[in-house]
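User: I am new to this structure and would like to learn how to read it. Where should we begin?

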Amino acid sequence: MIEVKNVTKSFEGKTVLHDVSADFYTGKTNLIIGQSGSGKTVLMKSLVGLLRPEQGQILFDGRDILQMKPGEMKELRKEIGMLFQGSALFDSETVLGNVMFPLMMFTSMSYAEQRDRAMFCIERVNLGGSENKYPSELSGGMQKRAAIARAISLNPKYLFCDEPNSGLDPRTSILIDDLLSDITHEYGITTVINTHDMNSVLGIGENIIFLNKGHREWVGDMHKIFSATNQALNDFVFATDLFQEVKEYIVRNGHTAHGSARRNKDNYEI
Amino acid sequence: MSLFHSLADLGQYCIFMGKVFSIPDRWKVFGKRTVAEISKLGVDSIPLVLIISIFIGAVITIQMKLNSTSPFLPSYTVGLATREIILLEFSNSILCLILAGKVGSNITSEIGTMRVTEQIDALEIMGVNSANFLALPKIVAFVVFMPVLVILCMGTSFVGGLGVAYFTEIISYTQLVEGFQTLFIEWYVWYGLIKSLFFAFIIASVACYYGYYVKGGALQVGAASTRGVVSSSILILLFDVLLTKVLL
């Protein structure tokens, strides 16, 4: 579990996060949502230690990363996997090389063991057969899956995903969402996803934190979001006529998000 | 303001070097990457070095001959002057200015692209010292391989000069060889090699620095690449003066 307590972060006098507190639960897909400029990325970068807030606490299972020494932080980083918006795969390495990289750097496994583990992760994200391809030879969705395979290769306790569906078509977005959700439940990972995608919010949002202008304005899940009274949240989530109608339909019929926004896996192949 | 920026850059460069010159996380990985960089930055530069050297060697010889028309000059003058220019300046300073363009821009654009595509952030989040992981193998590889390039440059430049004597009637072959051998000072070769080590360090480290701190996108990577080449060229010229004063 990751606990964020009263975190404030400013840039050149402008406060981007105002006293934000939030809990991210183990074995759940935790979503950070909000408009552009609401502080989502700053919060995520603070969580992974790329930015240092001026005040507050960020506790990874009780360990405050803001109080950690560099050596302790380095150890913690081995428990963290991250999926970047642009995948951030190493261009000079194949998919296999990318997935083996953390194993090569941080384990004492033999080459054969590293390869086996990497292949297991590649198969897990349904990329078997593409292990010898370079990132430039992969589609956007395949790159995301390769990045997920790399992120889980060290069996992380915490998985961070920055806009995992950015630039992907709706069907591929659903695949990535399902994969992240499945991996989270399968391995009991604390997964934190930064997203704009309303399909993700309504499909896999087990714990949703809504940020607005640097403030945490709402916490709930994909079911409660339909009955939320926060105006900024409603304006953001149900911004389109389509989502407004979906909301009205669900509220009227007493359905849940799972009943409306969940996808039918039989319609496509992974 | 410009001075302030230069000092800020110098400070940031020193901090960067502090991160670069730390113990690698994995020596085996460092070794592999260094060998790969020797191939990419050093061995791949050999064709360029050979082509430039052979032509410049030939041009220096021709120009020396055309500008040494006085009958009072000894017959070995052209060969001797050509040799001194090659050993003292061309094979190290001028070669490094050329390599600053090729190798420097290559390094800056590679690391800069890694920065803007979040690959460096990915390394940092994994707990890898990205500055050390990316820059140290490049700096070590280029410094280690530079003497090879300098020696190749020296040899090929002489071949270029000899080619002029062999294929044309501008200067006699015997006169040129006599000039190459007359009053030879071995220290000049060492002087060129020592200078080249400093220049190699400047080229690789400055290029890494500019690439590592790129902010923005493709446009900024290109701009950083240009700044890196300009800065390393100026530093090479500055250190050329300093090292010449110290070593000769």
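**Reading domains, core and chain contacts**

Analyst: This is a predicted model. Begin inside chain A, where 11 residues of domain 1 of chain A are in contact with 11 residues of domain 2 of chain A.

User: Which element gives the most to the side of domain 1 of chain A that touches domain 2 of chain A?

Analyst: Helix 6 (residues 170–187) of chain A does, with six residues. By residue type, that side of domain 1 divides into eight nonpolar, two polar and one charged.

User: What are the bounds of the domains in chain A?

Analyst: The domain assignment gives domain 1 as 1–79 + 157–224 and domain 2 as 86–155. Their C-alpha centres lie 23 Å apart.

User: How do I read the largest nonpolar core, and which of its residues touch the most other members?

Analyst: A nonpolar core is a set of buried residues of certain types, joined through C-beta atoms within 7 Å. Here the largest one has 133 residues, and Phe160(A), Phe142(B), Ile203(B) and Cys208(B) touch the most other members. Helix 6 (residues 130–167) of chain B gives the most to this core, with 18 residues. Domain 1 and domain 2 of chain A both give residues to the core, so it lies between them.

User: What does Phe160(A) touch?

Analyst: Leaving out residues up to four places away in sequence, Phe160(A) touches Met44(A), Leu47(A), Val48(A), Ile80(A), Met82(A) and Val192(A).

User: How many residues of chain B are in contact with chain A?

Analyst: 13 residues of chain B are in contact with 14 residues of chain A. On the chain B side, helix 5 (residues 119–126) gives the most, with six residues. That side divides into five nonpolar, three polar and five charged residues.

Note on methods. Residues are numbered from 1 along each chain as its sequence is written. Chains are lettered from A and ligands numbered from 1 in the order in which they are written. This is a predicted model: local features need pLDDT of at least 70, side-chain atom pairs count only at pLDDT 80 or more; totals for chains, interfaces and linings use all residues. A residue is buried if 20 or more other C-beta atoms lie within 10 Å of its own, exposed if 12 or fewer, and partly exposed in between; C-beta atoms are placed from the backbone. Helices (H or I, at least four residues) and strands (E, at least two) are DSSP runs, numbered from the N terminus. Domain bounds come from an automatic or database domain assignment. Two residues are in contact if their C-beta atoms, placed from the backbone, lie within 7 Å. Ala, Val, Leu, Ile, Met, Phe, Trp, Tyr, Cys and Pro count as nonpolar, Asp, Glu, Lys and Arg as charged, and the others, Gly among them, as polar.
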